[in-house]
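Got your viewer open? Let's walk through this one selection at a time, beginning with the sulfur atoms.

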Amino acid sequence: MPQSPLPEYVPLAQVVRSGMLESVHYGAVVGLAADGRIAYARGPVHQPMFPRSSAKPFQALAMLRAGARLEGPSLAIAAGSHSGEEAHTAETERILAAAGLTADALGCPPAAPGGREARAAFVRAGREPERVLMNCSGKHAGMLAACVARGWSTGDYLEAEHPFQVLVRETIEELCEEPVAHTAVDGCGAPQMAVSLTGLARGLWRMRTAPEGGPERAVVEAMSAHPLYVAGSDRIDTDLMRRMPGLVAKGGADGVLVLSAATGETVAVKISDGDAEERARTLVALDALRTLGVDVSPVQDRLRVDVLGGGAPVGEVRPL
């Protein structure tokens, strides 16, 4: 098994409370210039890590390559991690119905909605967790649609050696320009493939700068055009894409985020402590984009996270 890169992570953000340094978020960040060269790097950016849901654009591309007919919101939610809102479940069920399937075919675990309003409505209605509400159900629906399009079996589509997952691996290795270092099981049950932070950034950069009209561009354009389906009404990815036209944003569990500007500059971040409160990865990524020359003024407020004391701001989390 690969050795943990944890000892090599570096300070990326600091937490200041009432004028005193309280804690530090460690991690790694890499930034690619518009031409694809590494122009900014801190920490172990060439060490294997799990991109988690930040790899979903690659998985969505594999769906298109397998023959799945996904476009617009359907393609965006296939590359997204939705909040379980009504629009999300409707789109997921639409993908399944077009493939002749129902939510029973989904291999992801049952879950409650992740969005605040959707979860509140879920609780008020006294509902039980459902597979279609799980944040990865759009991706799973797209995987199943790809299997149906190619004539592959659907009951075992999450097995690492299934033809679709082999195609995902080949797609990731092609885009990231490096071999998959390790394969694990993601939180949704799908194979999760480790690449470097540089590989993650390079893969999204290649999709962003691919020829117009091709499947690579189709995925990123669907994401930026339909940000609600990539995350949700109260989610950071959606907010960033709504306020920065052309931006592609995709977060992943345990502190991962990848951003690609309309002009091609692309950054990827990994916060080593997992960034459970999501207070470090976004400001670190935006600071890296700004360093690369991208105008991030439309989301300037995201470069600061307040530290609260007694319900009022008494400090901030800021990039180092």
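**Stop one: the cysteines**

Searching the whole structure, which is a predicted model, turns up zero disulfides. To see why, select the cysteine sulfurs and check their spacing, bearing in mind that a pair has to lie within 2.5 Å to count as a disulfide.

Pick Cys147 to begin. The closest cysteine sulfur belongs to Cys188, and at 14 Å from the sulfur of Cys147 it is too far for a bond. Cys147 is also buried, with a relative accessible area of 0%.

Now jump to Cys188 and show Cys136 alongside. Cys136 holds the closest cysteine sulfur to that of Cys188, but the 4.0 Å between them is too far for a bond. Switch on a surface and look for Cys188: this residue is buried too, at 2% relative accessible area.

**Stop two: the whole chain**

Zoom out and switch to cartoon. You should be looking at 11 helices and 11 strands. The radius of gyration is 19 Å, close to the 20 Å from the globule rule for 320 residues, so the chain is as compact as a globular protein of that length. Draw a box along the principal axes, and the C-alpha atoms fill roughly 60 × 50 × 40 Å.

Next, try a contact map. Among contacts with a separation of 6 or more, 62% come from residues 24 or more positions apart.

**Stop three: surface and charge**

Colour by burial: 53% of the 320 residues count as buried. The accessible surface is about 13,200 Å², and carbon and sulfur atoms own 50% of that.

Last, select the charged side chains. There are 31 positive and 38 negative charges, and their mean positions sit 2 Å apart.

Note on methods: Residues numbered from 1 in each chain as written. Predicted model: local features only at pLDDT ≥ 70, side-chain atom pairs only at ≥ 80, totals over all residues. Heavy atoms only, no water. Buried < 20%, exposed > 50% of the residue type's maximum accessible area, 1.4 Å probe, protein only. Helix = DSSP H or I, 4+ residues; strand = E, 2+ residues; numbered from the N terminus. Rg over C-alpha atoms; globule rule 2.2 N^0.38 Å. Contact = heavy atoms within 4.5 Å. Areas by Shrake-Rupley, 256 points an atom, 1.4 Å probe, with all protein chains shown as cover. Lys, Arg positive; Asp, Glu negative; His and termini not counted. Charge placed at Lys NZ, Arg CZ, Asp CG, Glu CD.
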